[in-house]
Structure formats: C-alpha cells, structure tokens
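Here is a set of short exercises on reading a protein model. Try each task before you read its solution.

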Amino acid sequence: MVYTHGTPYVTPHILHKHYAQAFDAEASGLIGKDLEYFSQAGFDMDRIQIKRNAPPAVLYEEAIRNEGAIIASSGALINFSGKKTGRSPKDKRIVYEETSKDEIWWGSVNIKMDEHTFEINRERAIDFLNTRDNVYVFDGFAGWDPKYRIKVRVICARAYHALFMNNMLIRPTEEELQNFGDPDFIIYNAGQFPANRFTKGMSSTTSVEINFKRMEMVILGTEYAGEMKKGIFSVMHYLQPVKFGQLSLHSSANVGEAGDVTLFFGLSGTGKTTLSTDSRRKLIGDDEHVWSDDGVFNIEGGCYAKCINLSAEKEPEIFSAIRFGSVLENVVYNPITRVPDYDDASITENTRCAYPIEFIPNAQIPCHVKSQPKNIIMLTCDAFGVLPPVAKLTPEQASYHFLAGYTSKTPGTEDGVLEPIPTFSTCYSAPFIVLHPGRYAEMLAERMSKNNVDCWLINTGWTGGKFGSGKRCPLKYTRRIVDAVHSGELAKAEYETFGVFNLQIPTALEGVPRELLNPRLAWANTEAFEREVRKLAGMFQKAFALYENDVDEKVRLAGPRV
C-alpha cells in the first residue's frame, strides 16, 4: 500500500499530539484544598503532573509508553514488578507512637519503627516522586458499607500501580470523587527507589511501613503491587476492631438465595477461592471482609487471583475475568501472539491478576449483605492425611482452630521440603495481624454465639495415607460436603467422636464414601495412622503454646490431647 502523505497509518492521537494530550492537560482534577494538600505535603506542583483517577485506557497508554507494559491477547495489561515478586514481611514496620502503641501486638509480625525514621522515609519517598514527570493519584474506598468504610488516597509513580489500586479499591462515582474531601489514609508508593539501609531500624533497601497516628503508609524498595493491597488490609485489621468495634477477617464469603451467608477461612492452597465460587450462590468477595453488627461486607473492590496453572476448565470465572481493565502481574507471555502462559513459573510461582469484582458474573453488587453468617467453614490442607474431610466444631474448638490456623506445605512446593511441613498462621492471617490474635478470636466467638452460627473444619488435603502414599481428597467430595453444609443436611446428620482431636464427624453423608468420612478407616496401616495423628497433635500443642496463657481454659482444652 502507498501512503500519499508519506507516513504509515497510525492512530490519530499519535499524528495529532494535542488530541492525545487533551486528558493529560487537565488530568489532575485537583482544586482548592486538594492542591493545597499536595503543596503542603512537599510535592513540587510546578514540576510534576498529577493524574487523579485516570481512566484505565489512559493508564494502559502510560504503562505501555513508559513502563514496557504489554497488552495480552485477552485485553489485560501485562506488567512486571521487578526484583520483588511477592510481599516482604521481614521489611514491614509499624510506627511506635502514643495513639496506637498499647493496641498493637508487637513482635516478629509487627516490628517497631520510631517516628523520626518514618519521617525520613516519608520525605525520601516524596523527594523521589518529585523527580517523576507523572505522578498518579487514585482516590477510592475500603469497605462497601458506608458506615464503616474509609477514604484511601494512593500516590504512586507507575501507571500499573494506579490501575492495580483502581481495581482493588472501591471505585467512587463522579459525584463521590467530586465530594471526596480529605482522605482517611494515604499511601506514598515510591517503590522504585530504595530505602537507605543505614537509616536506624532498616534491615534492607526495602521498607513497608504504617503510621497509625498520621494514617499513612510509605513503600520504598519494592514494586510488588500486593504490598498496597495488604497494607490496606492491615489498616482495616486495626481500625475495624479499635475504631468501629467490628470484626475484620481474612476470608472469602458468599450468600445463598435465602440470604444465608457463609464465611470461608483458609490459607493458600486450601481451596478458599475455589470453594467460595459457586454458581448457585453469589460471591461477596474472595479475600477480605468485615463481619459487622449489620451483616457482612467486602473490604475490596476487586480480586487478586493467583494465575499459576490457571485454565478455563479449572477456574472459568477467573479466566474470563482477565480482560480489558485487568492487570496481569509477572505473567510470561508468547512474544508473537501475546497469549499468556499461565503454566510458566520462570519469573515467579506467584503470578497474579487483579480485576474489578464486577468482572465475576455472579458477584453480589454492592458487596454488602445485611444478614448475619449462618455457617463458617475453616479450610485446611492436611498433608499428613489424618484430619477428617469434615468435622462440626464446638464454639471452643472454633476458637482454638481459628487461633491455630493450620495447614501444611507439601514436598515439591519449596526447595528442601522433603516431608510435609505444618504451617500455623493465627487467625488465618498472621502476616496481617495487628492486634493480639486473642482479640479477634474473642470477637469471633461472641458473634458466633450471638447469631447461633455453625462452624465446620473441612480438610481438602490427603486421605488414606500422608503425602506420597495417600491421595488428595477429590474436589467432587469436598464440594458435596460444602453443599451439605449449605442445605442444612450436615447439621442434621449423626456424629461420632474422632480420637485424639476429639472432633465430631458425620457417620454418613450421601455421595461421600464412609471410609473417607473417617480417615482411620481409609488407612490400611492403623499403626502408621495413629503415629501420624500423635505427631500432628504434638505440633498443634507446640504452636498453640504461644496463645494458651491468653485464652479461656475451655479453649485451651478444645485442642488435641496426646
């Protein structure tokens, strides 16, 4: 083809720069007090261009133009977080100051930082942002219930980070944005710039720090977007119990046609996302919720799903959600077709996709249900093969297992793992816990008792033997068990006591083999079974010792007895 004007055809906005820059010229959307805020915070308003709540299409353009992002064949934006492809829990800090110091559970999860060091890092972050041509601001909400939500402002230098938080926070309407006012919490994300490791209290060039007095978070030395998401969750894990008197939870949640809500607790690999996604029930959310006096609401406006080994057959809802507006993080793609390769873990096993919750067909929008939970399901993946696939917990056992937060890593998941390794993550959210775990457990017990909630321990792990000799509990049986919880069938079943763990397990459930319901019957070698049961029970006792002085005696006695 011959081009008479001598230039190959390109889209009009490239030939006509003023067309492309029409949005850019008035991108900030900042007036009055907002402009004053940025000036007072130390931003050089004469130099930088602030782009507030830029539309996804604009953020796509900026990420492609400035960050080397790629548009996947599905329409999602593929971008990369650099050296850090996961959270940096050892670099997380909380400022030790008078307004919150008596509330925080100090220790290896919540490491102290002094106020002066925070000010140095905050200044360092703003100084870096002032060197950027474009600074992105996203104003949104955390929490779908207006009574308990907070206004969050994210300030960052990467378009991909702005799009990520556009998906993960609750997006304001035009009217809400115009009347946004002062934010309740601010994130300064200067992740491309390192922390000074010689600054007092720094252990590396990465720092993720929260100051509850200033209600601010500073990120240095990591571009992994998940730090912002989990930072907001840590803030809500503090504010909801302390300020609002409500219970924040690391859980997924769904609701049936009759308004019956189920909460799913579970660590990575237990099936929390898979089991809470049910075509017959609406999804309230997949990760972070608040159980309030009025009901259950999602903290987030989107989902942050794992992509490793993702397929349309295994996870059709998630697969279909990866389209224009979604962010694929650290996913390898075919350089010719731009088709993502979800089986390729050469960058990281922790490949992710962030998308608005509206991209899930059966999402409950708004993500807020004004009814109390009817069931709580605590998920574990027991690689020792000794826990039953389902057990009905007493209130004391529910508190015990909530505090224990047990699952297990299996051989092959990490280098050097030669046998199952137990993992105990208190409240199913140890890295994000801010208050003492007993405080969350006490609130959970009170709400369960007040609303007569049934609690179930469901094991999606091994049966008939431990990892290597037994087999994983088939998903069809686990789904049948969950269906029986929702229908009320299991609540009416007959039960027997399961040995060392003193758990109540059903003697029969239509569609599930009898030998599966009682793991002792599934093992050919009874002696080996008893040995593994005692081994796991001892691990529970050792892990729970951290909390036993702070809980009621009935809860202490609700655990396994060797």
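The exercises below concern this structure, which is a predicted model.

**Exercise 1. Backbone at a proline**

Task: State which peptide bond is cis, and where its proline lies.

Solution: Start with omega. For the bond from Ile365 to Pro366 omega is near -5°, and the bond is cis. Next, place the proline. Pro366 sits in the loop between β18 (352-356) and β19 (368-369).

**Exercise 2. Positive phi**

Task: For Asn53 and Arg338, give phi. Then decide for each: buried, partly exposed or exposed?

Solution: Take Asn53. Its phi is near 45°, a positive value in a residue other than glycine. Asn53 belongs to the loop between β1 (49-52) and α5 (56-67). The cut-off for buried is under 20% relative accessible area. Asn53 has 17% relative accessibility, so it counts as buried.

Now Arg338. Here phi is near 65°, again positive in a residue other than glycine. Arg338 is in the loop between β17 (327-329) and β18. Partly exposed covers the range between buried, under 20%, and exposed, over 50%. The relative accessible area of Arg338 is 31%, so Arg338 is partly exposed.

**Exercise 3. Two packed helices**

Task: Describe how α12 and α17 pack, and sort the contact residues by type.

Solution: Two packed helices are described by the angle between their axes and the distance between the axes. Helix α12 (residues 395-404) meets helix α17 (residues 526-544) at an angle of about 80°, and the axes are 10 Å apart. Angles of 65 to 115 degrees count as roughly perpendicular. Therefore α12 is roughly perpendicular to α17.

Next, list the residues. From α12 come Tyr400, His401, Leu403 and Ala404; from α17 come Phe540, Gln541 and Phe544. Sorted by type, the residues of this contact are five nonpolar, two polar and no charged.

**Exercise 4. A covered strand and its partner**

Task: How many residues of β16 are buried, and in which direction does β18 run against β16?

Solution: Strand β16 spans residues 302-306, and four of its five residues are buried. Five bridges link β16 to β18, and the two strands run antiparallel. One pair fixes the register: Cys303 is opposite Tyr355 in β18.

**Exercise 5. A sheet and its helices**

Task: Give the strand order of the eight-strand sheet, name its edges, and place α5 and α7.

Solution: Write the order. The open sheet reads β1-β6-β7-β8-β10-β9-β4-β5, with mixed pairing. The edge strands are β1 and β5 (111-113), each pairing on one side only. Neighbouring strands are turned by 25° against each other on average, direction ignored.

Check one pair. Strand β8 (residues 185-190) and strand β10 (residues 216-220) run parallel, joined by five bridges. In this pair, Asn189 stands opposite Ile219.

Add the helices. α5 lies across β1 and β6 (134-142), at about 140° to β6. Helix α7 (residues 159-168) touches β6, β7 (150-156) and β8, and its direction makes about 10° with that of β6.

**Exercise 6. The nonpolar cores**

Task: Which residues of the largest nonpolar core touch the most other members?

Solution: This core has 130 residues; Trp291, Leu328, Ile376, Met378, Phe402 and Phe501 touch the most other members. Follow Phe402. Leaving out residues up to four places away in sequence, its contacts include Leu249, Phe265, Met378, Tyr428 and Leu444. A second, separate core has 24 residues, among them Met113, Ala125, Val135 and Tyr188.

Terms used: Residues numbered from 1 in each chain as written. Predicted model: local features only at pLDDT ≥ 70, side-chain atom pairs only at ≥ 80, totals over all residues. Heavy atoms only, no water. Buried < 20%, exposed > 50% of the residue type's maximum accessible area, 1.4 Å probe, protein only. Axes fitted to C-alpha atoms, helices over the stretch in contact; angles between N-to-C directions. Parallel < 35°, antiparallel > 145°, perpendicular 65-115°, else oblique. Contact = heavy atoms within 4.5 Å. Nonpolar A, V, L, I, M, F, W, Y, C, P; charged D, E, K, R; others polar. Pairing = 2+ DSSP bridges. Core = buried A, V, L, I, M, F, W, Y, C linked by side-chain atoms within 4.5 Å.
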